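Trainee: Got a minute to go through a model with me? I'd like to talk about confidence, the ligand and the pockets.
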Amino acid sequence: MQKHEPTSTILDHMDEKTKYLTPIFGTEASDAQMPRLKMNDQPVEPRVAYEMIREYLSIEGNATQNLTTFCQTYMEPMATKIMAEVMEKNAIDKDEYPMTADLENRCVAMLGDLWHANPDEQPMGTSTVGSSEACMLGGLGMLFRWKQLAKDAGIDIYTAQRPNLVISSGYQVCWEKFCRYWDIEMRLVPLDADHLSLNMDTVMDYVDDHTIGITAILGITYTGKYDDVAKLDELVEAYNEKHPKLPIRIHVDGASGAMVAPFVEPDLLWDFKLKNVWSINASGHKYGLVYPGIGWVLWRGKEALPNDLIFWVSYLGGEEATMAINFSRSASQIVGQYYVLMRNGFAGFKEIHERTLDVARYLAAELEEMGLFVLYEDADHIPIVCWGLKDDADVPWTLYDLSDRLRMNGWLVPAYPMPANMQDTVIQRVVARADFSMQLAVKLVEDLKKEVATLNKARFVTGNTQGVINTGFNHGGRFAVNAGDKDQTKAPSSRK
Ligand SMILES: *Cc1c(COP(=O)(O)O)cnc(C)c1O
């Protein structure tokens, strides 16, 4: 007689119940490996999958102690709530999500206002995935403008010489990508011990009639220093008077600084107030206080943004200009940006940044007092502290060793060589962010002193002198290497 097999029984049901009662770390799934190369055959209960993945990720460290990254590691609960609730919306689908598109436009308008764009010039802008995409677009704006002007001026733009971009050697790697992808010569103005930002004595020597523009950096990734944009604007203006057919314009890479300067140094001249600043980018996910990835790029007016970069999409029965490279992505970050702008207001941003600067300056003062370090940056503009070992420090260890020791306390504080021309100088950097509180800074200083004492006593140092850059969390901290000088990707020498 054939056994009757019902599709569902009370027993099955009880099994399910029993299964649900099994503690997470008593389940079969938690006893098995997580899938690696091949999908698992059977589903895994959500609470178990959640816990296993969470545990697995937890090993990579505590984001707040990661003092390498410029990227935000804290958002308040109501911000993450609204962001989670809009995760399914596609940010680039303006027709389908017109209210999201409207919030994006409002962010662009607010940033334009912060950066002193003149509404009469019809400023335009867009959100991007981050400053990397924003710099790409800013760079393309320069390239297309130059092409048109050069053609009109009767210059051979295709055969004689490649177009070039002038920027300091302290550039972030996205500029090297931009130049490589679009076959542009990168003209690097070297940094040196006396010029830790764009050298105003020599910058104009790099400019010729194939120059698409000059990028000024507001917050050099290595040190946090600002290029002197006001001075650059003067130099460019003098050049333009002599070259009316091919004027040079400035793009400001304000990845970090453009979201700090307006709040804490409102009198600093760097933005659209300057005549030749034609485009500006910022990372919403750095001091714009949003989780990655979001960035912004704005052009000062219609003339600054070539038509070739604009695409028209339908929107609320009309048309809307878009100029992003158009990656489909969630609207969460745009909504998050709108939230923090509205929630904090100008005063809130100012308070957060000033407090973060205080913490960074406390750290700088403590480091100075230890007597071993030369401070390259003490949070003058953005909350970044950057130091090297004094030449006469006479210690048997390097900053790489100190970085290793700090890591044992959970802190990620990278040591790395300066860019080409200064690669023998090794520095260490802390990027203070909103969630790096004063009490954490006090703890970091304690750990620093403890580890310096340990290293001073050590008979064997770890010998990490090969200068391998710690790549644990390198976003926003990728150190560019001079494209023409490949050897510098290798071992920088230690300070010893
Ligand atoms: C971080 C940074 C970038 C790249 O920004 P993302 O937002 O990480 O894509 C570009 N330029 C500078 C100066 C930066 O600091």
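Mentor: Sure, we'll start with confidence and then move on to the ligand, the pocket and the backbone.

Mentor: This is a predicted model, so local features need pLDDT of at least 70 and side-chain atom pairs count only at pLDDT 80 or more, while totals for chains, interfaces and linings use all residues. Residues are numbered from 1 along each chain as its sequence is written, and side-chain values use heavy atoms, with hydrogens and water left out.

Trainee: What's the mean pLDDT of the protein?

Mentor: The mean is 88, and 89% of the residues reach 70 or more; pLDDT is the predictor's confidence in each residue, from 0 to 100. Over residues 5-14 it's below 50, and that stretch has one contact (heavy atoms within 4.5 Å) beyond near neighbours in sequence. Residues 468-496 are also below 50, but with 63 such contacts in the model.

Trainee: How should I read the low parts?

Mentor: Where pLDDT is low, don't read the predicted coordinates in detail.

Trainee: On to the ligand. Which residues are closest?

Mentor: S132, D253, S283, H285 and K286, out of 15 that surround the ligand, each with a heavy atom within 4 Å of it.

Trainee: What are the distances to ligand oxygens for H285 and K286?

Mentor: A polar side-chain atom of H285 is 2.6 Å from a ligand oxygen. For K286, a side-chain N or O atom lies 2.8 Å from an oxygen of the ligand. S131 uses a polar backbone atom, 2.8 Å from a ligand oxygen.

Trainee: Switching topic: what kinds of residues line the largest pocket?

Mentor: Eleven nonpolar, five polar and four charged. Among the 20 lining residues, E28, A29, P43, V44 and E45 lie nearest the centre.

Trainee: Last one, the backbone. Which peptide bond is cis?

Mentor: The one from P292 to G293, with omega near 0°. G293 is in the loop between β6 (277-283) and β7 (295-299).

Trainee: And where is H116, and what's its phi?

Mentor: H116 is in the loop between α5 (98-114) and β1 (124-128), with phi near 60°, a positive value in a residue other than glycine.

Conventions:
1 Å grid on protein atoms, 1.4 Å probe; cavity = no way out; pocket = protein on both sides within 12 Å on 5 of 7 lines; lining within 4 Å. Nonpolar A, V, L, I, M, F, W, Y, C, P; charged D, E, K, R; others polar. Polar contact = N/O pair within 3.5 Å; in protein donor to acceptor, adjacent residues only side chain to side chain. Helix = DSSP H or I, 4+ residues; strand = E, 2+ residues; numbered from the N terminus.
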